[in-house]
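Hi,

Here is the structure I said I would pass on to you. Have a look at it first, and then read my notes below.

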Amino acid sequence: MENHDALTSLKKSLSSVSRLAYQRGLTTGTGGNISVRLPGGNLVLITASGVSLGETDETNLISVDLEGNLVEGSPGFRPSKETPFHTLIYRIRPEVGAVVHVHPPFATAYAVRGLAIPLLTASSYGLEGIPLVDYAPAGSRELAEYVQAAVTNHPRARVFLLKNHGLIALGPSLTAAYDLADLVEGTAKIGWLSSFIGANQ
Ligand SMILES: [Zn+2]
């Protein structure tokens with residue numbers, strides 16, 4: 001009963017964080033995927049493939065195990081195509097409770113150019129050393145392997161930029177991972193805006 005209540009509560013939280021990420025402009029179309037570790041640690045609730053984060057609700061979330069095998073989900077919905085890197089992260093980092101993967105425009109623009117996001121504000125100083133993961137097609141085994149290597153090689157990193165793609169933010173909770181993704185995007189925006197001020201003076 002306790003676990004059932006926890007599952008219901010996490011479904012609500014995952015739905016609302018997903019819709020918030022979409023409304024906030026952290027992703028567009030059907031891009032991005034978000035997951036949360038379930039009580040017990042060996043199962044993950046993740047957003048569905050082909051469903052916009054803006055349309056995510058309790059009826060289209062999927063449960064998988066840490067190998068990515070389907071455990072529970074409504075008929076007609078499949079887990080996100082990026083499920084392999086989500087489950088790899090949970091296996092490598094037992095302290096991670098949630099993974100937010102989005103395509104926010106300013107942070108992604110830095111990832112496209114292969115440039116570090118300038119950390120210019122007090123709230124961004126703790127973001128130092130964001131690794132850049134090499135490009136591989138979205139949903140590919142290769143991308144999951146690149147993410148696995150980056151997460152393993154940077155055991156303290158909580159944010160990863162994906163070349164020509166977006167970012168991944170890790171946190172102990174959904175709120176923490178979401179806030180981190182939002183902070184990285186806000187930081188990238190300030191970096192871009194401030195580069196224009198005084199540039200022609
Ligand atoms: Zn993506």
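Before the counting starts, one term: a salt bridge here is a side-chain nitrogen of Lys or Arg within 4 Å of a carboxyl oxygen of Asp or Glu. Please also keep in mind that this is a predicted model.

By that rule, the structure holds three salt bridges. One of them joins Lys11 and Glu72, whose closest N and O atoms are 3.7 Å apart. Lys11 sits in helix α1 (residues 2-23) and Glu72 in strand β4 (residues 70-73), so this pair ties together parts that are 61 residues apart in sequence. The two ends differ in how much of them is covered: Lys11 has a relative accessible area of 17% and is buried, while Glu72, at 39%, is partly exposed.

Asp182 and Arg24 make another salt bridge, with 2.9 Å from N to O. Here Asp182 belongs to helix α5 and Arg24 to the loop between α1 and β1 (33-37), so the parts tied together are 158 residues apart in sequence. Asp182 is buried, with a relative accessible area of 17%. Arg24 is exposed, at 52%, because the cut-off for that word is over 50%.

Then there is Glu95 with Arg93, whose side chains meet at 3.8 Å, N to O. Is Arg93 buried or exposed? Its relative accessibility is 6%, so Arg93 counts as buried. Glu95 reaches 49% and is therefore partly exposed.

Now the metal. Which residues coordinate the zinc ion? They are His101, His103 and His165, each through its NE2 atom, at 2.0 to 2.1 Å. Along the chain these donors follow the spacing H-x1-H-x61-H. His103 is found in the loop between β5 (98-102) and α3 (105-113), and His165 in the loop between β7 (159-162) and β8 (166-171), so that pair links parts 62 residues apart in sequence. His103 is partly exposed at 24% relative accessibility, whereas His165 is buried at 11%.

On to the sheet. It is an open one made of eight strands, in the order β4-β3-β2-β1-β5-β8-β7-β6, and the pairing is mixed. At its edges are β4 and β6 (132-133), each of which pairs on one side only. If you look at β5 and β8, you will see that they run antiparallel and are joined by five bridges.

One of the residues worth clicking on there is Leu170, which is part of strand β8. Leu170 is the bridge partner of Val99. With a relative accessible area of 4%, Leu170 is buried, since anything under 20% gets that label. Leaving out neighbours within four places in sequence, Leu170 is in contact with Ile89, Arg93, Val96, Ala98, Val99, Ala157, Arg158, Phe160, Ala177 and Leu180. Arg93 in that list is also the salt-bridge partner of Glu95. Leu70 is 100 residues from Leu170 along the chain, and the C-alpha atoms of the two are separated by 22 Å.

Gly54 is another residue you could look up. Where is Gly54 placed? It is in the loop between β2 (43-46) and β3 (62-65). Gly54 has a relative accessible area of 23% and is partly exposed. If residues up to four places away in sequence are not counted, Gly54 touches Arg19 and Tyr22. Between Gly54 and Leu167 there are 18 Å in space, C-alpha to C-alpha, and the two are 113 residues apart in sequence.

Last, the surface. Trp192, Leu193 and Phe196 form a nonpolar patch there, and together they have about 310 Å² of accessible area. Leu193 lies in helix α5 (residues 174-194), the helix that also holds Asp182. Leu193 is partly exposed, with a relative accessible area of 43%.

If you want somewhere to start, try the zinc ion with His101, His103 and His165, and then go to the salt bridge between Asp182 and Arg24.

Cheers

Conventions
Residues are numbered from 1 along each chain as its sequence is written. This is a predicted model: local features need pLDDT of at least 70, side-chain atom pairs count only at pLDDT 80 or more; totals for chains, interfaces and linings use all residues. Side-chain values use heavy atoms; hydrogens and water are left out. Patches are made of residues with over 30% relative accessible area and no salt bridge: like charges are joined within 9 Å, nonpolar side chains (Val, Leu, Ile, Met, Phe, Trp, Tyr) within 5 Å. Accessible areas come from the Shrake-Rupley method with a 1.4 Å probe; for residues, only the protein chains shown count as cover. Helices (H or I, at least four residues) and strands (E, at least two) are DSSP runs, numbered from the N terminus. Buried means under 20% relative accessible area, exposed over 50%, partly exposed in between (1.4 Å probe, protein chains only). Contact means heavy atoms within 4.5 Å. Donors are N, O and S atoms within 2.8 Å of the metal (3.2 Å for Na, K and Ca); water is not among the atoms, so sites may look incomplete. Two strands pair if DSSP finds at least two bridges between them.
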